[in-house]
Structures are given as structure tokens and as C-alpha cells.
Amino acid sequence: MLRRRWRLRLDAGFVAGHHRTLSCRTEAKMPPPGRSQLWLGLVLGSVCASLGSAVPSNAQDALNVLLIIVDDLRPSLGCYGDKLIRSPNIDQLASRSLLFQNAFAQQAVCAPSRVSFLTGRRPDTTRLYDFNSYWRVHAGNFSTIPQYFKENGYVTMSVGKVFHPGISSNHSDDSPYSWSVPPYHPSSEQYENTKTCKGPDGELHANLLCPVDVAEVPEGTLPDKQSTEEAIRLLEKMKSSASPFFLAVGYHKPHIPFRYPKEFQKLYPLENITLAPDPQVPAGLPPVAYNPWMDIRQREDVQALNLSVPYGPIPVDFQRKIRQSYFASVSYLDTQVGQLLSALETLQLANSTIVAFTSDHGWALGEHGEWAKYSNFDVTTRVPLMFYVPGRTAPLPEAGDKLFPYINPFDSVSALMEPGREAVDLVELVSLFPTLAGLAGLHVPPRCPIPSFHVQLCREGQSLLKHFRFQDSEEDLALHGNPRESIAYSQYPRPADAPQWNSDKPSLKDIKVMGYSIRTIDYRYTVWVGFNPHEFLANFSDVHAGELYFVHSDPLQDHNVYNDTQGGDLPHSLTP
């Protein structure tokens with residue numbers, strides 16, 4: 001049985017001279033991963049029942065919040081050490097931010113992940129594993145991050161894909177609970193999956209690879225361009241507002257199809273594109289763990305390849321083209337983030353606005369022979385996560401200096417910027433709620449009880465506020481905890497033990513197996529167990545398969561040693 005001592009000391013005085021330090025130290029026993037309560041509440045050690053920070057004495061003291069959420073963005077960014085990717089504007093944000101090197105989503109698919117981190121609850125609490133239910137009806141009337149800010153005097157606004165559209169957000173992006181004004185969706189969004197991609201034959205297709213001449217597409221624009229324009233318009237409006245604002249901007253790219261301005265291909269000549277370092281399906285991978293990337297196969301250009309199901313593989317030349325288009329989409333996204341941050345500064349809001357940047361999950365680019373999310377591997381669960389806090393993560397600029405000048409990714413002289421500060425502890429997206437609340441000077445919601453379906457306001461993630469204490473004494477470093485004690489949890493459902501047509505996105509009624517995964521600094525351990533979708537219960541005595549990868553010797557998670565360790569070498573703390 002794992003036994004952890006969790007220490008927490010928060011310096012929450014981040015707002016206009018309001019300072020208050022809270023500290024608590026408690027001991028907690030954490031059950032082994034073979035118990036369902038570990039996944040129901042996942043309380044990683046007891047901390048103070050209610051953590052608070054100074055509330056601003058008036059609205060003028062409050063910091064605004066700009067939350068940027070990207071769709072399907074893995075940490076393929078310059079600030080995460082990727083030397084191929086041109087992402088100068090996001091890198092510049094990272095240079096002014098606290099960047100988390102090891103942040104993980106709780107489920108690698110859009111709607112469940114977004115509902116999870118926007119409510120601060122795990123998928124086993126929101127009971128959303130697919131796209132087909134609204135948590136307030138299906139699980140509990142849980143508060144969201146924007147709802148909490150709205151109830152504390154903020155004007156809350158949504159642009160683009162923040163909540164996943166459809167039933168999972170009540171066909172309203174959770175309005176009116178979460179937003180002060182109706183959420184904005186770009187009009188050109190309706191063309192994303194239509195025949196707007198010019199193929200080699202000169203005809204229009206619904207392709208996976210879709211570089212476009214923007215002047216020729218319907219409406220002469222793209223969704224992320226429209227979202228940036230609307231977000232800037234809202235910032236201009238809020239500049240003169242007496243109330244603080246919470247603005248969430250959700251960008252579509254690099255989500256498929258890879259529909260982006262064709263000039264961004266020039267940044268990534270095909271001859272410079274390498275294959276994934278491990279493009280083969282690992283020999284020891286349990287079939288239940290594999291995702292057959294069925295959504296990719298539905299695109300016209302992929303259908304023309306006549307790939308075998310479920311394992312493929314995709315021809316090497318097409319693999320390079322997929323990777324090229326993903327990287328080009330990231331650079332296109334970077335220009336939109338750069339324009340947004342530049343406008344924030346031009347409007348003189350950068351000194352009073354927290355900027356948080358993250359993604360709903362990662363995306364496999366051929367690793368393990370996979371081309372999508374839909375798994376528990378690091379490549380699909382690990383996400384970028386960074387926070388800029390004015391005067392805290394970066395000094396306020398001197399007169400005439402700029403924090404976020406727009407950088408053209410086509411400028412060959414743009415230099416790679418180092419992140420401002422980095423944290424190596426493993427953290428989770430469910431920590432976004434308490435962290436943003438604390439950074440803005442609001443009371444941090446209390447930890448959730450087990451169960452918490454009846455509790456409207458609580459959080460299942462740890463606050464990350466302790467990482468914003470930048471003193472470097474040994475005592476302070478000790479208070480930050482030991483990275484080896486940090487743990488991130490993810491899960492993914494499957495309809496069967498072998499890959500089939502709905503393995504990637506099974507509906508709730510079809511879920512028969514749930515893969516629960518623990519990631520520590522040393523290993524990733526996953527156990528696939530029987531699951532009852534009617535009672536939302538996992539049966540940890542019904543083990544279908546297991547995975548164990550050691551990070552140091554197998555960083556790409558290609559060599560599953562789960563079966564090798566069942567004879568007694570598996571650490572006792574991991575035994576189901």
C-alpha cells in the first residue's frame with residue numbers, strides 16, 4: 001500500500017497587495033490501484049478541507065483571466081523542446097509563464113476531457129465517457145470554472161470550442177450557468193468536414209490533409225481566424241468595463257481535418273519530416289489497449305489508401321504528409337495565439353490578466369502505429385500547460401517594453417525562447433479549477449468528499465498554487481514536495497477486448513472494459529478491467545489485461561513488462 005505525506009503551503013496573495021499564507025500538513029493513506037474508490041474521488045492525500053485566498057476588496061483589484069484551450073495539441077512546441085516546430089508566440093508566452101512539463105488529461109477524447117477539467121471532476125464523477133449526456137442531468141449539478149467566476153462578479157465569455165458542442169454541454173455550451181453572454185461559435189465552423197479540400201485531381205474532397213487557399217474557402221475565412229477576431233473584439237469591449245472578465249477561447253486546430261492556410265506547409269518541407277520513432281504496434285501491447293483510428297479512415301484521402309483494419313499500417317510517404325500537416329496546423333494556431341496576446345497587450349490588459357494555456361489531450365502521430373487520441377499512452381494524455389501571472393511569473397514591463405509582441409513564424413531570425421519557469425511534478429488538468437481560482441484571488445473550492453455527486457461546488461484536483469512560490473531556499477524546495485510523489489490518473493473505455501469499429505469512441509451502453517492508468521515519474525501502469533455501464537462500476541477483480549512501462553528505460557512506452565512482473569517482481573504498491 002502506498003503511503004504518501006502531502007505537504008501544501010500556498011502563498012495566495014497574488015492580487016494587488018492582498019497577501020495571506022495558508023499552510024497545512026497531513027498524512028494520508030492511498031489505496032492501491034485495484035480499488036474502485038481510487039477512481040471515484042481520487043483524493044491524493046488529505047489537505048485542508050477548505051483552502052482560501054484573499055478576495056479582492058473591489059473589482060478593480062481583481063485580475064482578469066484569459067483561458068486558451070487548444071484541441072488535440074500534444075506538447076509538440078518549441079518551449080517543450082521540439083526543435084522542428086515553429087511556435088514562437090506560444091514559446092514567448094511560455095517564457096513569461098510557469099510551464100508544467102508533465103501535465104496530463106484525465107481522458108484522451110474531447111467532450112469527457114473538457115467536462116472533466118471545466119468542472120474539476122474526474123470522468124468517473126461526471127459519468128461522461130462519450131459525447132452523449134449532460135453532466136448536470138446525468139451525474140450532478142456540478143459548478144464549472146466560468147460559473148464560479150461569474151458567481152464571483154466576473155463577466156464570463158466563451159469563444160470557439162470551449163465546452164464540446166452538443167448534448168454534453170446541453171446544446172448551449174452550458175448556458176446560462178457558465179456564461180454572462182451567449183457563447184460565440186465561428187460561422188465557418190460548419191464547413192470543417194465538408195468537401196472544401198482541393199485534391200490532386202482538382203476536385204473538392206472531404207480529406208484528412210486539407211491545406212487551403214483561404215480566399216477560396218466558403219466565407220473566405222477559417223474558424224480559428226474568426227475566433228481570434230471575436231476574442232479581440234470582446235477584449236476591446238471589456239477594456240472599459242468596471243467588472244473583471246473571464247474569457248475562454250477555444251481553438252480548433254490541430255484537430256482533424258488538417259484544414260489550414262496552405263502557406264504553412266512551407267515551414268515543414270517533406271524532406272525534413274521524419275517518421276515517429278516507434279511506428280510499429282508494440283509486440284506486447286494488449287489488443288484492448290490499441291485504438292484503430294477509425295475517424296482517420298473515414299476521410300476520403302485515407303479511404304483511397306485501402307488500409308487494412310485495424311492495424312494498417314499507413315504508407316510511409318502518407319505518414320510524413322500527416323505529420324507535416326499536423327505541424328503546419330500547430331504553426332497556424334501559433335499565429336492566432338500570437339495575435340490574441342498582442343491585442344491583449346495593445347489594449348493594456350496584459351498587466352492585469354492571467355493567461356492560462358492548455359489542450360484537452362494529445363494526439364498520436366504514428367507512435368505505436370496509432371493516429372489519433374483514444375488511449376492511455378503519454379503521447380495522447382500529456383498536454384501543454386502554462387500560466388502567465390502578471391508580476392509573478394514575469395516582471396511587469398518597463399515603459400516602452402512589450403511582453404507579447406507578435407512574432408511571425410516565417411521569420412527565419414526568430415529565436416527559440418526558453419520557458420520562464422518550469423515545474424517537473426506530474427500534474428492533472430482537474431487542477432485547473434482550483435489553480436485559476438487561487439491565482440485570481442478567489443477562495444479555492446474545497447476538496448470533494450467521496451462520493452460527491454450531491455455537492456455542487458468542490459474539486460477533485462490538487463491546487464497548483466504551491467508551484468508559484470519562486471524562492472529557492474532548501475526549505476521552500478522541500479515544501480514543494482518530491483516529484484516522485486506526484487501522480488497523474490487517466491482512463492479510457494473500450495467496447496471489447498479486441499479493436500473493432502467503435503473502439504475509439506464507444507457509447508456508454510457499449511462500454512464493457514475500462515482502462516485505468518497511473519502515471520508516476522518512474523512508470524505508467526494501466527489495468528483494463530470489466531465495467532458495468534448501467535451502474536458505472538468497475539470490477540477490479542475482473543482484469544482483462546495490464547500494461548507496465550518504466551519511464552527511464554522505456555520512455556516511448558514500447559515494451560510492456562506487465563506479464564513479466566506477475567511472478568513477484570512487480571512492486572507491491574502496484575498490485576491490483
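Helices (H or I, at least four residues) and strands (E, at least two) are DSSP runs here, numbered from the N terminus. This is a predicted model, where local features need pLDDT of at least 70 and side-chain atom pairs count only at pLDDT 80 or more, while totals for chains, interfaces and linings use all residues. Residues are numbered from 1 along each chain as its sequence is written, and side-chain values use heavy atoms, with hydrogens and water left out.

**Exercise 1. Find the cis peptide bonds at Pro176 and Pro257, and place both prolines.**

Step 1: Start with Pro176, which sits in the loop between β5 (155-160) and β6. The bond joining Ser175 and Pro176 is cis, with omega at about 0°.

Step 2: Move on to Pro257, in the loop between β9 and β10 (258-261). Going from Ile256 to Pro257, the peptide bond is cis again, and omega is near -5°.

**Exercise 2. Look at the phi angles of Asp173 and Gln557, and say whether these residues are buried or exposed.**

Step 1: Asp173 shares the β5 to β6 loop. Its phi is positive, about 55°, although Asp173 is not a glycine.

Step 2: Check its accessibility. At 7% relative accessibility Asp173 counts as buried (buried means under 20% relative accessible area, exposed over 50%, partly exposed in between, using a 1.4 Å probe and protein chains only).

Step 3: Gln557 lies in the segment after β17 (537-550). Here phi is near 60°, again a positive value in a residue other than glycine. Gln557 is buried, with a relative accessible area of 2%.

**Exercise 3. Work out how helix α2 sits in the fold, and what it packs against.**

Step 1: Count the buried residues. In α2 (residues 88-95), 8 of the 8 residues are buried, so the helix is largely enclosed by the rest of the structure.

Step 2: List the partners. The buried residues of α2 pack against β4 (98-104), α10, β11 (353-359) and β12 (382-388).

Step 3: Get the geometry with α10. Two packed helices are described by the angle between their axes and the distance between the axes. The axes of α2 and α10 come within 7 Å and cross at roughly 50° (axes are lines fitted to C-alpha atoms, for helices over the stretch in contact, and angles run from 0 to 180 degrees between N-to-C directions). That makes α2 oblique to α10; angles under 35 degrees count as roughly parallel, over 145 as roughly antiparallel, 65 to 115 as roughly perpendicular and the rest as oblique.

Step 4: Name the residues in contact (heavy atoms within 4.5 Å). Pro88, Asn89, Ile90 and Leu93 of α2 meet Leu333, Asp334, Thr335, Val337, Gly338 and Leu341 of α10. This contact splits into 6 nonpolar, 3 polar and 1 charged (Ala, Val, Leu, Ile, Met, Phe, Trp, Tyr, Cys and Pro count as nonpolar, Asp, Glu, Lys and Arg as charged, and the others, Gly among them, as polar).

**Exercise 4. Now do the packing of α7 with α10.**

Step 1: For α7 (residues 223-238) and α10 (residues 316-346), the angle is about 10° and the axes are 10 Å apart. That makes α7 roughly parallel to α10.

Step 2: On the α7 side, the residues are Asp224, Lys225, Thr228, Ala231, Ile232 and Leu235, and they meet Tyr332, Gln336, Gln339, Leu340, Ala343 and Leu344 in α10. The tally for this contact is 7 nonpolar, 3 polar and 2 charged.

**Exercise 5. Classify the ring pair of Phe149 and Phe246, and say which parts it ties together.**

Step 1: The structure holds 22 aromatic pairs (rings of Phe, Tyr and Trp, its six-membered ring, pair if their centres lie within 6.5 Å; planes under 30 degrees apart count as stacked, over 60 as edge-to-face and the rest as tilted).

Step 2: The ring centres of Phe149 and Phe246 are 4.9 Å apart and the planes are at 40°, so the pair is tilted.

Step 3: Phe149 is in helix α6 (residues 145-151) and Phe246 in strand β9 (residues 245-251), so the pair ties together parts 97 residues apart in sequence. Both Phe149 and Phe246 are buried.

Step 4: Look for a ring cluster too: ring pairs link Phe258, Tyr268, Tyr326, Phe327 and Trp363.
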